[in-house]
Amino acid sequence: MVEQAQFSKALLHPRHWGLWFGIGLGRLVSMLPLPWQMGLGKLIGRLIMKYSKSRVRTAKRNLELCFPDASSEERHDLLVRNFEETGKAIFDTICGWWWSDERVQRHMTIKGQEHVQSTLDNGQGVILFAVHCLPLEMGARIFGQFNPGVGVYRPHNNPVMEYLQVKGRLRSNKALIPKKDMRQMVRSLRAPDVIWYTADQDFGRSSAVFIPFFAVPDAATITGGTTLAKLGKAKVLPFFVERNAGDKGYNIEIGAPLENFPGENETVDAIRGNQIIEELISRNKAQYMWLHRRFKTRPNEDDPSVY
């Protein structure tokens, strides 16, 4: 468990100067009004779409696989908006890491926090069942305004970025747990405490079942949610965050604890989880991370890639 960002002189090595310069610019931009930042992010997203062709192909293919009944024009419009929202997500992260609590509070609305508190008051841990919405970084910061939790994260390969993401995320979290440390997640839930959990990305064949996800009949889906809920004696609560209309702030909604979860078996739970994920994504499709190769793992190792 990581409870403090560790700074060292090695982070100031000349090879990191370019990154620090970019970080300084981002810090300055974070002082601008939020709609201005989002306008700049929209332009950056357009540039990403123009020059990152591999990402465009991935996102386009995901939309084709998930929404085959939509027209090509509808999918193209969603693709463009998704890249614009991806550019805006850069500033969601910058603001989430550096805004003061007071400024965060001026740009947020939140519903359903009573479900979290009542679950904790009942002596049970809370698993916030989230999806990779593009403003998720800000969502965690906002949630921490009233109930700091424990973040599950992937340590960054770059030491400067690792320092910054730990420092930034600990502004609203009690601690961070590497995503492979299931034992520590269980301990946190039994405390009881709150952790975030996502099951909407392709983590490979291990501990996965192949079940429907939108129109894809056999998406590799992890079943860790069942294990966490059982071992942690915790409740699972759907968690959703989005930028509001006009890009003037953020909305969070936390659902009531799922009934009868865990259910009959891991596969049944995973199917139910994917149905919840689909419902959350459908609230704002353009603000979902379609750039991920969600369907790269196939049911059989010799099956051809869908990409």
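## The loop around Lys 179

Leaving out residues up to four places away in sequence, Lys 179 touches Val 152, Tyr 153, Arg 154, Met 185 and Phe 203. This is a predicted model, and Lys 179 sits in its loop between strand S4 (173-178) and helix H9 (182-190). How exposed is Lys 179? Its relative accessible area is 37%, so Lys 179 is partly exposed.

There's a longer hop in sequence to look at here too. Lys 179 and Gly 151 are 28 residues apart along the chain, and their C-alpha atoms are separated by 9.1 Å. For a contrasting pair, try Gly 112 and Ile 211: they are 99 residues apart in sequence, with 29 Å between their C-alpha atoms. Gly 112 belongs to the loop between strand S1 (108-111) and helix H6 (113-121). With a relative accessibility of 8%, Gly 112 counts as buried.

## How confident is the prediction?

Mean pLDDT for the protein comes out at 94, and 100% of its residues reach 70 or more. Which elements have the lowest and the highest mean pLDDT? At the bottom is strand S3 (residues 149-153), with a mean of 90, and at the top is helix H3 (residues 53-66), with 97.

As a general reading rule, where pLDDT is low, the predicted coordinates should not be read in detail.

## Helix H1 against helix H8

Helix H1 (residues 17-29) packs with helix H8 (residues 159-169) at an angle of about 30 degrees, and the two axes are 10 Å apart. Angles under 35 degrees count as roughly parallel, so H1 is roughly parallel to H8.

Who meets whom? On the H1 side there are Leu 19, Trp 20 and Ile 23, and on the H8 side Val 160, Met 161, Tyr 163 and Leu 164. Sorted by type, the residues of this H1 and H8 contact are seven nonpolar, no polar and no charged.

## Two buried spots: H7 and Lys 88

How many residues of helix H7 (residues 136-143) are buried? Eight of the eight are, so the helix is largely enclosed by the rest of the structure. The buried residues of H7 are Leu 136, Glu 137, Met 138, Gly 139, Ala 140, Arg 141, Ile 142 and Phe 143. If you're scanning that list for side chains that can carry charge, Glu 137 and Arg 141 count as charged and are among the buried residues of H7.

Another lysine to look up is Lys 88, which lies in helix H4 (residues 72-98). Is Lys 88 buried or exposed? Lys 88 has a relative accessible area of 7%, so it is buried. Setting aside neighbours within four places in sequence, Lys 88 is in contact with Met 38, Gly 41, Lys 42, Arg 243 and Asp 247.

## Cysteines

The disulfide count comes to zero. Cys 95 is in no disulfide, and the nearest cysteine sulfur to it, that of Cys 133, is 18 Å away. Why is Cys 133 not bonded to its closest cysteine either? Its sulfur is 14 Å from the one in Cys 66, which is too far for a bond; the cut-off for a disulfide is 2.5 Å.

As for accessibility, Cys 95 counts as buried because its relative value is 0%. Cys 133 has 7% relative accessibility, so it counts as buried as well.

## Backbone details to check

Which bonds are cis? One of them is the peptide bond from Ala 191 to Pro 192, where omega is near 0 degrees. Pro 192 is in the loop between H9 and strand S5 (194-198). A cis peptide bond also joins Phe 261 and Pro 262, with omega at about 5 degrees. Pro 262 is part of the loop between strand S9 (250-254) and helix H11 (266-282).

Now for phi. Ser 207 has a phi near 55 degrees, which is a positive value in a residue other than glycine. Ser 207 lies in the loop between S5 and strand S6 (208-213), and it is exposed because its relative accessible area is 55%. Phi of Asn 260 is likewise near 55 degrees, again positive in a residue other than glycine. Asn 260 is found in the loop between S9 and H11, and its relative accessible area of 65% makes it exposed.

Conventions. Residues are numbered from 1 along each chain as its sequence is written. This is a predicted model: local features need pLDDT of at least 70, side-chain atom pairs count only at pLDDT 80 or more; totals for chains, interfaces and linings use all residues. Side-chain values use heavy atoms; hydrogens and water are left out. Axes are lines fitted to C-alpha atoms, for helices over the stretch in contact, and angles run from 0 to 180 degrees between N-to-C directions. Helices (H or I, at least four residues) and strands (E, at least two) are DSSP runs, numbered from the N terminus. Angles under 35 degrees count as roughly parallel, over 145 as roughly antiparallel, 65 to 115 as roughly perpendicular and the rest as oblique. Contact means heavy atoms within 4.5 Å. Buried means under 20% relative accessible area, exposed over 50%, partly exposed in between (1.4 Å probe, protein chains only). pLDDT is the predictor's confidence in each residue, from 0 to 100.
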